[in-house]
Amino acid sequence: MLRDYEFWFVVGSQFLYGPEVLETVAARAQEMTDKLNATGNLPCRLVYKVTAKTNQEITEVVREANHDPKCAGIITWCHTFSPSKMWINGFVDLQKPYCHFATQYNRSIPNEEIDMDFMNLNQAAHGDREHGFIAARLRMPRKVIAGYWEDEDVQKRIGSWMRAAVGVMFSKSLKVMRFGDNMREVAVTEGDKVEVQIKLGWQVNTWPVGKLVDTMNAVTEEEIDALMETYRSEYTFNTDDIETVRYQAREEIAMKKMMDAEGCKAFSNTFQDLYGMKQLPGLASQHLMAQGYGYGGEGDWKVSAMTAIMKAMSEGMTGGTAFMEDYTYNLDPDAKYSLGAHMLEVCPSVAAEKPRIEVHPLGIGDREPPARLVFEGHAGPAIVVSLVDMGGRLRLIVQDIEAVKPILPMPNLPVARVMWKAFPNLTTGVECWIAAGGAHHTVLSYDVTAEQMKDWARMMDIEFVHITKDTTAESMEQQLFLNDLAWKLK
Ligand code: MN
């Protein structure tokens with residue numbers, strides 16, 4: 001998926017310098033593109049497109065970028081000076097993610113070589129300022145990255161932004177398959193699906209559970225045998241109840257067939273609507289998530305879509321991204337932790353160990369005991385993410401966390417679990433999260449960063465709230481108050 005996308009390097013200039021300078025600029029832009037692609041620090045291909053000198057050239061490259069499905073964004077830079085009124089018509093029409101890369105061809109100022117010719121060729125320091133002004137004036141959602149292009153940290157920042165931009169592209173074509181409605185009476189999993197489609201592009205629609213049951217009944221024993229082999233290779237069987245596991249395989253195959261037939265990359269279901277099904281999908285949903293599909297329990301299509309988007313953004317990374325729910329706290333003064341889990345459905349991509357397939361009764365949903373994957377999440381820095389509908393606007397809430405090895409073995413807990421330390425600390429974090437209206441369902445990711453989610457939210461033009469090690473309850477309250485004012489004005 002990431003390999004399918006490219007970003008276009010558009011270098012600003014003008015005719016003032018004569019053809020020789022323009023040829024040098026173009027040759028260097030191509031050289032920088034080739035070297036950046038060779039570093040391995042960019043997840044998508046960079047394509048040098050044009051040294052733009054006129055309004056028409058810029059308008060044309062923007063038009064082409066808007067219409068090319070491979071192009072996930074443009075990256076601009078001004079080796080020389082590019083008068084910014086030339087960019088207005090193109091920028092007004094730009095519909096793709098935009099990054100302004102404020103860099104310079106040479107790292108150091110040379111002593112002997114520097115004269116006025118050198119200065120006129122190497123003037124990004126003021127060329128990029130003129131370029132940046134017009135985007136500020138136009139209030140464009142953009143990423144500004146400054147630094148030397150051969151520095152690895154700078155290259156990695158561009159690579160990180162590319163992943164956020166791919167998240168934008170993925171979001172705009174995302175289809176979510178709903179089996180059943182939201183859990184009765186729950187507020188935070190609701191939302192305006194029309195507004196979400198306008199803002200984020202998601203097509204969220206429902207399919208009958210009866211159609212899923214029909215599709216399940218049409219799954220063959222051979223198809224189930226093949227998936228059972230996959231389960232055996234990836235997981236440890238901690239049950240002799242093979243028929244129950246085979247039933248999950250049947251559910252997985254049927255859900256995958258229905259999603260693939262419709263081009264859906266995310267789904268939701270609810271234990272309150274399992275008509276004709278023997279088990280709530282547990283292992284089935286978990287293994288679908290492991291393959292990149294988004295999932296949300298209790299009809300939570302927003303968290304399902306966010307799981308799919310964050311999995312797309314972090315493609316090829318190994319930390320893991322999972323549907324999660326804050327379940328219960330450890331409030332000992334010296335050991336304050338959140339324990340996250342779900343009834344069944346935590347993605348095994350976050351597992352610290354080989355997940356075990358187990359069968360246990362489930363008190364909720366009035367069905368047979370379902371097979372599920374049980375494991376501990378691994379330690380490491382991560383984020384939890386929640387998208388809520390505030391009525392008239394969407395708010396994305398991100399909290400920094402540090403996952404730990406669970407401090408207790410909890411041998412009688414029959415579900416996957418992740419334990420973490422929340423920032424700035426457990427209780428202030430809870431106060432901030434609740435003040436912001438964050439949901440009980442989240443996406444937990446070890447791979448996607450808060451900066452990427454901020455970039456994504458900016459490109460999607462939705463509100464962003466970040467709870468960090470420095471956040472206080474007071475600062476959060478003030479930010480939410482100011483955000484309310486700002487978003488009313490927008
Ligand atoms: Mn839940």
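A nonpolar surface patch of about 400 Å² is formed by Ile109, Ile114, Met116 and Met119, where a patch consists of residues with over 30% relative accessible area and no salt bridge, nonpolar side chains being joined within 5 Å, and where accessible areas follow the Shrake-Rupley method with a 1.4 Å probe. A salt bridge here is a side-chain nitrogen of Lys or Arg within 4 Å of a carboxyl oxygen of Asp or Glu. Met119, which belongs to helix α4 (residues 116-121), is partly exposed at a relative accessible area of 39%. The model is a predicted one, in which local features need pLDDT of at least 70 and side-chain atom pairs count only at pLDDT 80 or more, while totals for chains, interfaces and linings use all residues. Residues are numbered from 1 along each chain as its sequence is written, and side-chain values use heavy atoms, with hydrogens and water left out.

The manganese ion has as its protein donors (N, O and S atoms within 2.8 Å of the metal) Glu298 (OE), Glu325 (OE), His342 (NE2) and His441 (NE2), which lie 2.0 to 2.5 Å from the ion. Because Glu298 is placed in the loop between β10 (294-296) and α12 (301-313), and His441 in strand β18 (residues 441-445), this pair ties together parts that are 143 residues apart in sequence. Glu298 is buried, with a relative accessible area of 9%, and His441 is likewise buried, at 1%, the term meaning under 20% relative accessible area, with exposed over 50% and partly exposed in between.

At the start of helix α7 (residues 193-200), a side-chain oxygen of Asp192 comes to within 3.0 Å of the backbone nitrogen of Val194. Helices are DSSP runs (H or I) of at least four residues, and strands (E) of at least two, numbered from the N terminus. Just after α7, Gly201 adopts a positive phi of about 90 degrees.

Notes. A polar contact is a pair of N or O atoms within 3.5 Å; within protein, one must be able to donate a hydrogen and the other to accept it, and residues adjacent in sequence count only if both atoms are side-chain atoms. Patches are made of residues with over 30% relative accessible area and no salt bridge: like charges are joined within 9 Å, nonpolar side chains (Val, Leu, Ile, Met, Phe, Trp, Tyr) within 5 Å. Buried means under 20% relative accessible area, exposed over 50%, partly exposed in between (1.4 Å probe, protein chains only). Donors are N, O and S atoms within 2.8 Å of the metal (3.2 Å for Na, K and Ca); water is not among the atoms, so sites may look incomplete.
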